[in-house]
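Visitor: I would like to go through this model with you. Could we begin with the cysteines and then turn to the sheet?

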Amino acid sequence: RDMGDNMTSITEFTLLGFPLDMRIQMLLFGLFSLFYAFTLLGNGLILGVILLDSRLHTPMYFFLSHLAIVDIAYACNTVPQMLVNLLKPDQPISFAGCITQTFLFLTFAVTECLLLVVMSYDRYVAICHPLRYSVIMSWRTCITLVVTSWTFGILLSLIHLLLLLPLPFCRSQKINHFFCEIMAVLKLACADTHINEIMVLAGAISVLVGPFSSIVISYMCILCAILRIQSGEGQRKAFSTCSSHLCVVGLFYGTAIIMYVGPRYGNPKQQKKYLLLFHSLFNPMLNPLIYSLRNLEIKNALKRVL
């Protein structure tokens, strides 16, 4: 429908994805489908093991189960659409579908950021205040921390959504991405998006830089506490429970900070697209592998359940 002499409102978008040769796209379709299956299987397995094994009904694994839920949702939100585009590059996505995808991606990304902070706090209390652990990390506290993480994720995404919806889209229907990433969508708006971009940067700083700094401080305290442990066995156990979480934190925050807070913020760089592919496809797949391979309790629980 006409909005003016040369302006037409957009009801659907086309995701450009990865403009490659059709044979390469078919190869990527097979490869990404496999990775997607591993993501669902790995996180589903960890979730199932935690639910079925009563020995894992502790705060640490309660938080890990929510991380697995977020990773499954994270992958389900972006990967199926990417697979469709690899098979049918011209297949459009509706405006409502695109905006929903943007909202859900932001919700899961922010929630995962905060869950990783909560998990680092849990490890800090367990190692630095072991005698008070059960008092500090009561089930009421754990549930409050998880609900707060999800609520903050939804509210922050809702703010971005409310700022995005009033914008008129009339320049082009083509989004230079494999999903409706917020910055790629904003580039198509035919109005001033300065406030939106400032809010994206402010939101990224608030959920990336601040929480990442608190994780670093927590682990500095944890390291000091581990070095004070007299027995080598105690040190190894403490390191093993923390190293898995540190690997996940490094992968998640490292890619996210480069994308949204780095010096090339806002530039339509092809590298950023591939970095976000790693962030939304490989991170959720690697998380269960990292936790299951480096965590003795998970490995033992898997053996018991299987």
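Guide: This is a predicted model. In it, Cys 98 and Cys 180 form a disulfide, with 1.9 Å between their sulfur atoms.

Visitor: Which handedness does the disulfide of Cys 98 and Cys 180 have?

Guide: The disulfide is left-handed, because the torsion about its S-S bond is about -120°.

Visitor: And where in the chain do the two cysteines of the pair lie?

Guide: Cys 98 is in helix H3, whereas Cys 180 is in the loop between S3 and helix H6 (182-186). The pair links distant parts of the chain, 82 residues apart.

Visitor: Is Cys 98 buried or exposed?

Guide: Cys 98 counts as buried, at 0% relative accessibility. Cys 180 is also buried, with a relative accessible area of 0%.

Visitor: Why is there no bond from Cys 113 to Cys 247?

Guide: The sulfur of Cys 247 is the closest cysteine sulfur to that of Cys 113, but at 17 Å it is too far for a bond. Cys 113 is buried, at 3%, while Cys 247 counts as partly exposed, at 35%.

Visitor: Now the sheet. What is the strand order?

Guide: The order is S2-S1-S3, in an open sheet of three strands with mixed pairing. Strands S2 (92-94) and S3 (174-175) are the edge strands. Helix H3 (residues 95-128) packs on the sheet and touches S1, S2 and S3.

Visitor: How do S1 and S3 run, parallel or antiparallel?

Guide: They run parallel, and two bridges join them. Thr 14 of strand S1 has Lys 174 as its bridge partner in S3.

Visitor: What else is Thr 14 in contact with?

Guide: Beyond its neighbours within four places in sequence, its contacts include Pro 89, Asp 90 and Pro 92. Thr 14 counts as buried, at 18% relative accessibility.

How values were computed
Residues are numbered from 1 along each chain as its sequence is written. This is a predicted model: local features need pLDDT of at least 70, side-chain atom pairs count only at pLDDT 80 or more; totals for chains, interfaces and linings use all residues. Side-chain values use heavy atoms; hydrogens and water are left out. Two strands pair if DSSP finds at least two bridges between them. Helices (H or I, at least four residues) and strands (E, at least two) are DSSP runs, numbered from the N terminus. Contact means heavy atoms within 4.5 Å. Axes are lines fitted to C-alpha atoms, for helices over the stretch in contact, and angles run from 0 to 180 degrees between N-to-C directions. Buried means under 20% relative accessible area, exposed over 50%, partly exposed in between (1.4 Å probe, protein chains only). A disulfide is a pair of cysteine sulfur atoms within 2.5 Å.
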